[in-house]
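Hi,

Here is the structure I promised to pass on. Have a look at it, and then read on for what turned up.

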Amino acid sequence: MKRIATKIALSVLGAAGISFLSWTPARAVIFVEPIVTTVNEDIFQTREPRTLGPDILPGQIIEYGVPDRANNLINGTGNDMGSFVFDLQTLFYTNPDADPPFANEPVQWGDVDGDGRIGFSSTPGLEDIFTNVTIEGNILTYSGGVIRDGDIFYNLFSTQPNLTPGGGIIPAIPAEQENKDGPIRVGASYTAIPESTNVLGVLIFGALGVAFKLKRSLHC
């Protein structure tokens, strides 16, 4: 009798365990991953790069939605870019029209391409420009590289699950609508590297100032 009771208890626990393992949340966290690399030659052969003009100043925040139409970009700002800062602004996402629908799902930076890193390319032929990626909350910063004025680079955002409009979850954007951005909002800005001549001038004037002060102190 005791053995039968034990078997029944184990059966109940086993069934409960199977039920527990089979239960999963309706939706996991939505991951967003950017990459900043050298030119994507495949896209370069099909369409012209977009230009970031001199009206985009260092520290100026540009907002847009991702995933967007990935393209090569020309640094036409007149500045050498020393870093990029991406601010993930959509931290919870709701879309009842999606298939399946989203209801206040959390959004964060994550490893979408599965290479064990966030912010770096896993695609052959796309070489990373920046060596460092740091994440503090919803802020992702690229550093340790430079995009010279006039250089062409490639910037892609991908999400998991794929939230590209028309990609199977989010409905396609009507052709007549000008804005083709994805639903996750991001703010982007860059920092500029001072021109070497300016840096040299600062060093020279600084050295002259120190020498002048030292000369005055010796005559006192």
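Before the details, one term: two residues are in contact when they have heavy atoms within 4.5 Å of each other. By that rule, and leaving aside neighbours within four places in sequence, Val36 touches Phe84, Phe86, Gly119, Asp128, Ile129, Phe130, Tyr142, Ile147, Phe153, Tyr154 and Asn155.

Some ground rules. This is a predicted model, so local features need pLDDT of at least 70 and side-chain atom pairs count only at pLDDT 80 or more, while totals for chains, interfaces and linings use all residues. Residues are numbered from 1 along each chain as its sequence is written, and side-chain values use heavy atoms, with hydrogens and water left out.

The chain holds 3 helices and 11 strands (DSSP runs numbered from the N terminus: H or I of at least four residues for helices, E of at least two for strands). From the N terminus, the order is α-β-α-β-β-β-β-β-β-β-β-β-β-α. Among contacts between residues at least 6 apart in sequence, 72% join residues at least 24 apart.

Now the sheets. Strands count as paired if DSSP finds at least two bridges between them. One open sheet has 6 strands in the order β2-β4-β10-β1-β7-β6, with mixed pairing. Its edges are β2 (50-52) and β6 (92-95); each has a single partner strand, so one side of each is left without a neighbour in the sheet. The twist there averages 30° from one strand to the next (axes are lines fitted to C-alpha atoms, for helices over the stretch in contact, and angles between N-to-C directions run from 0 to 180 degrees). At the β6 edge, 3 antiparallel bridges link β6 to β7 (102-109), and Asn95 has Phe102 as its bridge partner.

The other open sheet has 5 strands, β3-β11-β5-β9-β8, and is antiparallel. Here β3 and β8 (132-136) are the edge strands, pairing on one side only, and the twist averages 25° from one strand to the next. Between β3 and β11 there are 5 bridges; one partner pair is Val66 with Ile184 in β11.

What about the loop between β3 (62-66) and β4 (71-75): which residue is found there? Asp68 is. Its C-alpha atom is 7.1 Å from that of Phe157, 89 residues away along the chain. Beyond its neighbours within four places in sequence, Asp68 is in contact with Asp181 and Gly182.

On to the inside. Of the 220 residues, 30% count as buried (under 20% relative accessible area, with exposed over 50% and partly exposed in between, using a 1.4 Å probe and protein chains only). A nonpolar core is a set of buried Ala, Val, Leu, Ile, Met, Phe, Trp, Tyr and Cys residues joined through side-chain atoms within 4.5 Å. The largest has 31 residues, and Val36, Phe84 and Phe86 have the most contacts inside it. At least two of its residues come from each of β1 (30-37), β3, β5 (80-88), β7, β9 (139-143), β10 (152-160) and β11 (184-193). Apart from it lies another core of 5 residues, including Ile35 and Tyr154.

Finally, have a look at Arg50, Leu52, Ile62, Tyr64 and Leu73: of the 23 residues lining the largest pocket, they are the closest to its centre. Strands β2, β3, β4, β5, β10 and β11 each give two or more residues to that lining. A pocket is an open set of points on a 1 Å grid over the protein atoms alone, where a 1.4 Å probe fits, with protein on both sides within 12 Å along at least five of seven lines; lining residues have an atom within 4 Å of a point.
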